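Open the structure in your viewer and keep the sequence panel beside it. The tour goes from one selection to the next and says what is there.

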Amino acid sequence: MDTDFMLHPDTDISWFDQAACKGLTHVFFGPAAERPERRVEREAIASSYCLACPAMMKCREAARLNREHGFWGCENDEERAYAGFAPRSPSRRSVIKARDEARKRDLANSAS
Ligand code: SF4
């Protein structure tokens, strides 16, 4: 896992050495303009690694905290966005839609 980037200061990195996805970047991050059908297939394969990974929950938490792109902790961009942790600059419409739905939900919850 590449750690040469700026992480949120509260990020727990103790799990990096346990990552089951070492050397599999191409499975967890799609190419530009990846076709939706191909992305679904790729993410299903990524999911199988995550479900067997001892670091899954810590990985998910770190990806949410750092507003990551890609497949982390058994969550894709849409799932993270819907959980309220959209990637910093979402490009796919489905991610933007999930982010906006989460914002509306959170606003409605805070008003009630
Ligand atoms: S949960 Fe998935 S993405 Fe995270 S370290 Fe494990 S295999 Fe990699």
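A residue is called buried under 20% relative accessible area, exposed over 50%, and partly exposed in between. The model on screen is a predicted one.

**Stop 1: arginine 92 and glutamate 78**

Select arginine 92. Because its relative accessible area is 27%, arginine 92 falls in the partly exposed class. Now add glutamate 78, which forms a salt bridge with arginine 92; their closest N and O atoms are 2.9 Å apart. This pair joins distant parts of the chain, with arginine 92 in the loop between α4 and α5 (93-111), glutamate 78 in helix α4, and their positions 14 residues apart. Glutamate 78 has a relative accessible area of 13%, so it is buried.

**Stop 2: arginine 39**

Keep glutamate 78 selected and add arginine 39. The side chains of these two residues also meet in a salt bridge, at 3.6 Å from N to O. Here too the pair links distant parts of the chain: glutamate 78 is in helix α4 and arginine 39 in helix α2, 39 residues apart. Arginine 39 is buried, with a relative accessible area of 13%.

How can such side chains pair? Side chains of opposite charge can do so when their charged atoms come close.

Next, widen the selection to Arg39, Glu43, Asp77, Glu78, Arg80 and Arg92, which are linked in a network of salt bridges. Over the whole structure, a search finds 14 salt bridges.

**Stop 3: a pair within one helix**

Move to helix α5 and select glutamate 101 and lysine 97. They form a salt bridge whose closest N and O atoms are 3.9 Å apart. Because they are 4 residues apart in helix α5, about one helical turn separates glutamate 101 from lysine 97. An α-helix has 3.6 residues a turn, so residues three or four places apart point the same way. Glutamate 101 is partly exposed at 34% relative accessibility, while lysine 97, at 54%, counts as exposed.

**Stop 4: helix α3**

Which residues of α3 are buried? Select Met56, Cys59, Arg60, Ala62 and Ala63 to see them. Look down the axis of α3: these buried residues fall within an arc of 165°, so they line one face of the helix. Show α2 and α4 as well, since what covers the buried residues of α3 includes both of these helices.

Now pick out arginine 60, which lies in helix α3 (residues 56-65). Its relative accessibility is 18%, so arginine 60 counts as buried. Apart from its neighbours within four places in sequence, arginine 60 is in contact with Trp72, Gly73, Cys74 and Glu75.

Step past the end of the helix to arginine 67. Just after α3, arginine 67 takes a positive phi of about 50°.

**Stop 5: two loop residues with positive phi**

From the contacts of arginine 60, select cysteine 74. Cysteine 74 lies in the loop between α3 and α4 (77-82). Its phi is positive, at about 70°, although cysteine 74 is not a glycine. Is cysteine 74 buried or exposed? It is buried, with a relative accessible area of 16%.

Then go to alanine 33, in the loop between α1 (25-28) and α2. Alanine 33 has a phi near 60°, a positive value in a residue other than glycine. At 77% relative accessibility, alanine 33 counts as exposed.

**Stop 6: alanine 52**

Select alanine 52, in the loop between α2 (36-51) and α3. Alanine 52 counts as exposed, at 66% relative accessibility. Draw a distance from its C-alpha atom to that of glycine 84: the two are separated by 25 Å, and the residues are 32 apart along the chain.

**Stop 7: around the ligand**

Finally, select the ligand and show the residues around it. These are Trp15, Ala19, Ala20, Cys21, Phe28, Cys50, Cys53, Met56, Cys59, Phe71, Trp72 and Gly73. Met56 and Cys59 were also among the buried residues of α3. Trp72 and Gly73 appeared among the contacts of arginine 60. What classes of residue make up the shell around the ligand? The shell has 11 nonpolar residues, 1 polar residue and no charged residues.

Terms used:
Residues are numbered from 1 along each chain as its sequence is written. This is a predicted model: local features need pLDDT of at least 70, side-chain atom pairs count only at pLDDT 80 or more; totals for chains, interfaces and linings use all residues. Side-chain values use heavy atoms; hydrogens and water are left out. Buried means under 20% relative accessible area, exposed over 50%, partly exposed in between (1.4 Å probe, protein chains only). Contact means heavy atoms within 4.5 Å. A residue is near a molecule or strand if one of its heavy atoms lies within 4 Å of it. Ala, Val, Leu, Ile, Met, Phe, Trp, Tyr, Cys and Pro count as nonpolar, Asp, Glu, Lys and Arg as charged, and the others, Gly among them, as polar. A salt bridge is a side-chain nitrogen of Lys or Arg within 4 Å of a carboxyl oxygen of Asp or Glu. The arc is that of the directions from the helix axis to the C-beta atoms.
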